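Welcome to a short tour of charged side chains and the partners they find. Please have a look at the model first, and then read on.

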Amino acid sequence: MRGVTRREFLAILAAGTAGAGVSRAQEPGGMASRGVRPQPRGKPSGLRFHARFTDVAAHAGLRAPVTYGPSDRMDYILESMGCGVAFLDYDNDGWLDIFLLSGTHREGPVEGATNRLYKNNRDGTFTDVTAKAGLVRQGWACGVTVGDYNNDGFEDLFITGWPQNILYRNNGDGTFTDVTEAAGLSHPGKRWGSGCTWVDYDRDGRLDLFVSNYLVFDFDKIPATGKDPNCNFKGVPVNCGPRGLVPERPMLYHNNGDGTFTDVTERSGVGSLKPGFGLTAVAADLDGDGWQDIYVACDSTPSLVFRNRGDGTFAEQGLLSGLAVNEDGNEQAGMGIAIGDFDTDGRLDALKTHFAEDTVALYRNAGHLVFEDVTLRAGLGVETRYVGWGDGIADLDNDGLPDLFWVTGSTFPEVERKHPEFPHKTPRVLFRNLGGGRFEELLDAAGSAIAEAHSSRGVAFGDFDNDGDLDILIMNMNEPPSLLRNDVRGGGHWLKVKLVGTRSNASAIGAVATAAYGGRRQAQAVLAASGYLSCGDRRLHFGLGAATTADLEIVWPSGVRESVKGLRADELVTVKEGAGVVARERFRS
Amino acid sequence: MTGDVTRNVAALFPIIALGFAGAAGMSQAQVPSARVPSVQVEGSGTEAHFSRGVQLMQEQMFEAAAGEFEQALSVNAADPKARFEFAVCLLSLGRNDEARKQFEQVQKLAGESRYVTYYLGRLDLLANDYASAIKRLGSVAEDPPFPDTAFHLGVAYISSGDVAAGTKWLERAAKLLPRDYRVHYRLARAYSSGRREQEAAREYDLYTQLRDEHKNTEKDVRDCTSGLRTEPLAAAREACHRIYDPNDADKLTLLGQLFGDAGAFAEALDPLKRAVQLDANSFEAWHNLGVTYFRLNRYKEARGPLEKAVALRPEFYGSVVLLGATLYMLGDDEAALLVLERAHRLNPADAQTAAVLEKLRGRKKE
């Protein structure tokens with residue numbers, strides 16, 4: 001009798017106590033999501049935000065969807081990463097045109113899927129001039145950087161992608177020519193180029209080229225969806241990677257000045273480090289020593305900072321700078337990078353976006369290439385719901401304080417069927433700058449276009465309608481792009497600055513302009529790439545708030561320093577290197 | 001640490017299942033109830049809700065755990081233990097304002113407690129109120145309730161702009177938590193800010209080494225778990241034994257749990273025995289060692305570890321019922337009856353325990 005009872009008892013215990021039966025943590029998946037819980041939201045400031053965004057893409061003629069793999073699933077990581085966008089003035093008419101990258105389908109060409117160039121009609125609409133410009137091309141385009149590499153006065157295009165990158169020379173007559181092969185920029189085999197940026201790293205007045213590579217990709221060799229823990233998210237089989245796949249090294253090409261480039265990856269030290277999952281690359285003088293540094297957002301590996309030694313070589317100082325990982329020393333799934341001066345102390349800060357269940361990282365530049373992670377202190381820990389991509393530090397309401405904006409969207413459309421809390425399409429995120437290093441998330445106070453849900457990737461900031469504020473161009477996966485027209489009220493003043501290099505590269509890429517206004521000093525850099533694999537308006541935009549004048553200090557990539565005093569607000573000024581202000585323009589409205 | 005209040009084993013291996021004792025509770029493991037000033041008010045309903053709450057916290061199901069503690073408090077609002085655990089749950093859920101109110105209530109009910117002061121200091125830090133965080137954490141730093149008190153105090157000082165004081169406390173934290181890469185990273189950043197390049201370089205090296213070890217362990221655990229699921233034990237053993245570190249109680253406990261989860265109890269024994277030698281206050285290690293002996297039918301040897309586990313966590317139903325079963329298997333029916341009656345109070349819904357109790361009571365009458 002007793003023996004039977006004991007066996008019964010053991011069976012009970014085996015089922016209920018010992019062995020399995022306790023909750024099991026989720027498998028990690030392929031992305032560095034840290035399972036961070038959001039900080040509680042504070043009381044709203046109650047302050048009015050004077051920017052209103054309306055999506056005018058359809059009205060503007062941007063109606064073609066951006067194809068990027070199937071719309072209902074993403075079987076391969078290549079199909080999930082999307083691509084960038086660019087604002088550029090390819091015809092030098094003073095109005096921003098639009099360049100949109102595109103993907104395709106694994107199974108074969110998709111009708112109408114191509115990179116697209118839209119010419120600004122100067123009336124709020126655009127005309128698709130892709131074919132006329134010679135830019136029709138279908139493939140897996142990824143990133144874009146805009147710059148005048150041959151100093152002929154016209155902006156050229158470099159596009160990364162899988163399996164090849166492309167260099168388009170602007171012919172100055174509305175057309176472009178693919179000069180990849182002739183420039184020495186084609187490579188053997190297949191490679192997944194991701195981030196790219198023009199950068200004059202040796203200060204010879206010519207734009208060199210930095211390219212980050214994401215990972216080794218081959219449709220036939222990537223593990224199948226759901227195959228291992230790197231191919232699962234919240235228990236749902238999803239595309240594999242980046243963890244578990246083979247990371248890549250970045251590359252650096254030196255501009256020879258004759259239309260060709262030389263691979264200096266090894267010589268410069270860029271190729272000597274441990275491989276990582278590199279995405280967006282941004283070049284700027286982060287330590288203020290007059291030499292261009294390069295910051296690369298890496299996805300689930302520590303991000304990289306290449307400090308320019310000034311002798312043609314770089315030292316990787318991600319960890320030492322504080323920009324490689326978050327404040328706890330954990331790497332994050334770096335996607336997009338924005339560079340700007342959020343605390344208006346005259347130094348360039350950085351914002352990096354990451355995966356869901358994690359915060360973005362806001363890094364304050366403390367000087368000497370020391371950056372502090374101030375994400376939580378700034379109040380950004382309240383938002384952890386979405387996968388973040390293209391971002392910007394930009395004064396959207398012209399109050400003189402740069403705000404923070406990023407776009408979002410899941411990489412796993414399959415997940416929302418089981419977990420509605422992880423939707424594929426998610427809203428944009430906007431944090432208004434309250435001053436004092438603090439931000440406040442605006443969920444519905446900046447117009448309907450902010451709350452609209454898309455699965456977005458690239459983002460570019462620029463004033464496409466020349467009305468004195470910053471509009472936003474966004475890539476949406478398998479949908480037409482969004483063009484968020486900004487209508488600013490409230491009377492905040494502004495100043496736009498277009499820099500033209502003479503000793504420096506003509507695009508003035510790498511120049512830093514610091515505007516002094518109303519007791520503030522705000523630095524901005526001319527960037528050839530930012531956000532997520534994208535490129536924004538080369539004209540710098542300073543919101544001035546109540547100030548009606550501003551002084552400007554410019555450090556050109558050549559090292560030349562120049563000051564301009566007493567600039568009137570609400571104008572676009574063109575400053576030519578060594579010649580001062582050469583043009584002023586007041587916009588119509 | 002960036003909004004994450006999980007610590008100890010769960011923090012070291014945040015993505016890893018902790019096995020057959022369940023995931024280590026974020027605070028529970030470090031906050032034995034006995035240390036929290038308590039006003040003893042018994043009531044079977046309260047005790048059961050409290051026990052279930054503890055169990056759910058162990059499994060990191062904080063929402064459900066909070067519900068249990070709330071129910072316990074609805075029966076007895078003056079129970080500081082339940083209120084304290086409720087507050088910790090709320091903090092884990094990011095409901096910081098509510099957590100603060102509950103911790104303040106605990107203070108009113110039970111007087112000053114360094115555990116409550118610690119959590120209020122952490123809440124201050126999360127609310128960017130550095131002055132208050134420094135005051136609170138500083139007041140308990142000499143006799144810290146948890147080993148990471150110095151770390152949070154250091155972070156509070158750094159955040160307030162006092163790099164020198166922050167560095168001092170982070171240096172102390174690095175001594176108390178020498179294997180926590182986060183501490184070394186923060187200390188390296190503090191040295192960098194103070195332009196103390198050599199010391200920064202040393203700490204970056206330590207951070208990198210510990211971070212790499214952590215990542216390697218994560219991979220080893222994935223390989224071990226996968227191997228135990230899909231391969232014969234002999235093949236999985238090699239991958240699993242890469243986790244074995246004779247000087248790291250957390251890793252040893254984890255290894256034991258992975259084996260235990262896979263039913264490889266004989267393999268689990270050695271790491272768990274070593275773990276309790278290294279950390280005599282590890283509830284998870286003692287409980288799992290008891291489970292392991294029990295599953296190997298070595299009831300005599302199971303008794304001691306389970307008694308230790310119950311002493312450390314008297315509200316944890318799983319340990320209590322298993323101790324009762326062990327005593328029963330050893331033929332000590334009288335002791336088993338007492339323990340199982342306690343188990344039944346902790347979990348009155350367990351029909352099987354109730355049935356066994358019924359039999360034991362009947363036999364006693366005979």
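Is A:Asp72 buried, partly exposed or exposed? With a relative accessible area of 45%, A:Asp72 is partly exposed. This is a predicted model, and across all its chains there are 56 salt bridges. Side chains of opposite charge can pair when their charged atoms come close. A few of these pairs are introduced below.

**Partly exposed pairs**

- A:Asp72 shares a salt bridge with A:Arg73, at 3.6 Å from N to O.
- A:Arg73 is partly exposed too, because its relative accessible area of 31% falls between the 20% and 50% cut-offs.
- A:Glu372 and A:Arg377 also form a salt bridge, and their closest N and O atoms are 3.4 Å apart.
- A:Glu372 counts as partly exposed at 21% relative accessibility, and A:Arg377 likewise counts as partly exposed at 21%.

**A buried pair**

- A:Lys496 meets A:Asp463 in a salt bridge, with 3.3 Å between the closest N and O atoms.
- This pair joins distant parts of the chain, its two residues being 33 residues apart.
- A:Lys496 sits in strand S31 (residues 493–500) of chain A, while A:Asp463 lies in the loop between strand S28 (456–462) and strand S29 (471–476).
- A:Lys496 is buried, with a relative accessible area of 0%, and A:Asp463 is buried as well, also at 0%.

**A network**

- Salt bridges also link A:Arg41, A:Glu383, A:Arg385 and A:Glu441 into a network.

Note on methods. Residues are numbered from 1 along each chain as its sequence is written. Chains are lettered from A and ligands numbered from 1 in the order in which they are written. This is a predicted model: local features need pLDDT of at least 70, side-chain atom pairs count only at pLDDT 80 or more; totals for chains, interfaces and linings use all residues. Side-chain values use heavy atoms; hydrogens and water are left out. A salt bridge is a side-chain nitrogen of Lys or Arg within 4 Å of a carboxyl oxygen of Asp or Glu. Buried means under 20% relative accessible area, exposed over 50%, partly exposed in between (1.4 Å probe, protein chains only). Helices (H or I, at least four residues) and strands (E, at least two) are DSSP runs, numbered from the N terminus.
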